[in-house]
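These are my notebook entries on a structure that I looked up part by part. I set down what I found in the order in which I looked.

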Amino acid sequence: MSTFDFYSYLNKYTPELQAKALRLAAEDMDFARELYQRTATRAMQEPSDRFSAGTVELFVDNLMLSVLEEMRQERPEAMSSGARS
Amino acid sequence: MKQVLRKRNPTRAPCVGPLMAEASPIQSTVYDGSLAGLLSVVFSVFNEQIPITRLVRAHRYAPDMFTSPIQVATNSEYARRVWDGLDRFEDFDRELVLRCWLFDTTQADTDIAHLLVRLYREGCDAVQDFRDEAIFRCEQIRKKMFREIHRTHAFVRFAEAADGLYFARIEPDFDVLPLAIEHFEQRYQDQEWMIWDDKRKYGFWFRPGMPRSERISSADFAAGACVDGSHDLVTESESSPAAAHEDGYQRLWSTYFQSVNIAARANPRLHRQHVPVRYWRNLTEKQPDPTAS
């Protein structure tokens with residue numbers, strides 16, 4: 001019986017996820033913070049049966065990329081400052 | 001122009017969103033992981049106006065680069081006030097708090113704190129508000145824990161050790177032993193026994209004449225503060241010293257199961273549903289018969 005939830009994932013992988021956000025934001029701390037917060041907040045709102053312990057990483061990566069895309073459209077200047085694709 | 005004033009129905013809880021919306025949901029509140037700590041967090045929500053965020057037990061907290069956590073120190077006086085305060089809600093079952101805390105996930109801790117805050121703010125009706133996802137999840141945890149407690153009652157198999165202690169090993173999915181132990185305390189009052197949770201490395205040890213069983217952990221064994229033969233039972237799972245007649249009783253028990261089994265009505269799928277395979281490891285009747293070959 002799985003008791004997996006995104007909260008447990010965050011307990012373990014917060015540093016990893018934040019490092020990923022920082023890398024995608026090309027070391028822009030404010031951009032990375034918002035990218036991480038939006039991704040985590042959205043992942044928390046997903047029903048836990050959407051992912052399992054095996055698929056959560058893929059799920060979160062996809063979510064982070066779509067949030068990144070969204071933020072780029074909101075702030076085109078981030079593109080010029082170097083947020084990676 | 002006639003103004004229509006809608007009077008709110010006082011018996012119905014207002015539809016409120018999750019309290020987590022008051023703060024960034026990814027911010028963490030760190031506490032020591034004890035029940036008193038959890039209740040202290042609930043007290044702090046009212047006393048210090050801290051927001052309900054993700055409740056993380058200190059040993060699980062992962063460093064966060066972007067936000068600093070809210071630290072809540074355990075205060076047994078505050079915890080007692082929260083616990084005793086639940087008396088005023090007659091329809092609220094306090095065991096729900098224990099079940100969610102023993103469920104031992106960050107989400108369950110967060111959800112039960114959220115439920116308690118709503119209970120104190122809005123009264124018993126809030127506990128029935130299953131539109132609130134956190135409360136709905138608490139209800140699901142109640143059911144999951146109930147099933148696991150029921151199975152623990154059913155699937156405990158004692159074996160007599162050489163020193164007369166009856167020893168049983170279990171590996172439940174959730175930490176249900178503290179809630180299930182009362183059943184055994186009432187049932188086996190004239191025997192010395194121990195039930196050991198192999199997954200969480202602790203157990204309960206009961207001796208005749210004691211009002212309650214005593215909680216024993218691996219650390220207690222390491223400190224030598226425990227029973228004679230049971231140390232080997234706990235640490236050496238394969239070579240536990242059993243009583244001389246124990247093998248005979250185990251064979252008798254297996255024979256009983258074979259005798260009552262009607263082969264023509266075998267339904268393995270239903271059987272696995274009622275007795276999940278993960279419990280078989282500790283069931284006497286599921287062990288291979290050494291005399292079969």
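The entries below cover domains, a sheet, a helix, one lysine and the contact between chains.

**Entry 1: domains.** I note at the outset that the model is predicted. I looked up the domain assignment of chain B and found domain 1 (19–148), domain 2 (156–243) and domain 3 (246–293). I then examined where domain 2 of chain B meets domain 3 of chain B: eight residues of domain 2 are in contact with five residues of domain 3. On the domain 2 side of this contact, β4 and β5 of chain B are the elements that give two or more residues. By class, I recorded four nonpolar, four charged and no polar residues on that side.

**Entry 2: the sheet.** I next followed the strands of chain B. Five of them form an open sheet in the order β4-β5-β6-β7-β8, and the pairing is mixed. Which strands are at the edges? I found β4 (159–160) and β8 (214–217) of chain B there, each pairing on one side only. I looked further at β4(B), which two bridges join to β5 (residues 166–170) of chain B in an antiparallel arrangement. For B:A159, the bridge partner in β5(B) is B:F167.

**Entry 3: helix α6.** I turned to α6 of chain B, which spans residues 177–187, and found B:L177, B:A180 and B:F184 buried. Why do the buried residues line one face of the helix? Seen down the axis of α6(B), they fall within an arc of 75°, so they lie along one face. The face turned away from the buried side carries B:E182 and B:Q186, which are exposed. I also asked what covers the buried residues of α6(B), and the cover includes α5 (133–155), β6 (193–197) and β7 (202–206) of chain B.

**Entry 4: one lysine.** I located B:K144 in helix α5 of chain B. B:K144 has 18 other C-beta atoms within 10 Å and is therefore partly exposed, as a buried residue would need 20 or more and an exposed one 12 or fewer. I compared its position with that of B:V275: the two are 131 residues apart in sequence and 16 Å apart in space, C-alpha to C-alpha.

**Entry 5: contact between chains.** Finally, I looked up the contact of chain B with chain A, which takes 16 residues from each of the two chains. On the side of chain B, β2 (54–57) and α4 (106–122) each supply at least two residues. I noted that α4(B) gives the most, with three residues. By class, the side of chain B that touches chain A has seven nonpolar, five polar and four charged residues.

Technical notes. Residues numbered from 1 in each chain as written. Chains lettered and ligands numbered in written order. Predicted model: local features only at pLDDT ≥ 70, side-chain atom pairs only at ≥ 80, totals over all residues. Helix = DSSP H or I, 4+ residues; strand = E, 2+ residues; numbered from the N terminus. Arc of directions from axis to C-beta. Contact = placed C-beta atoms within 7 Å. Pairing = 2+ DSSP bridges. Nonpolar A, V, L, I, M, F, W, Y, C, P; charged D, E, K, R; others polar. Domains from an automatic or database assignment.
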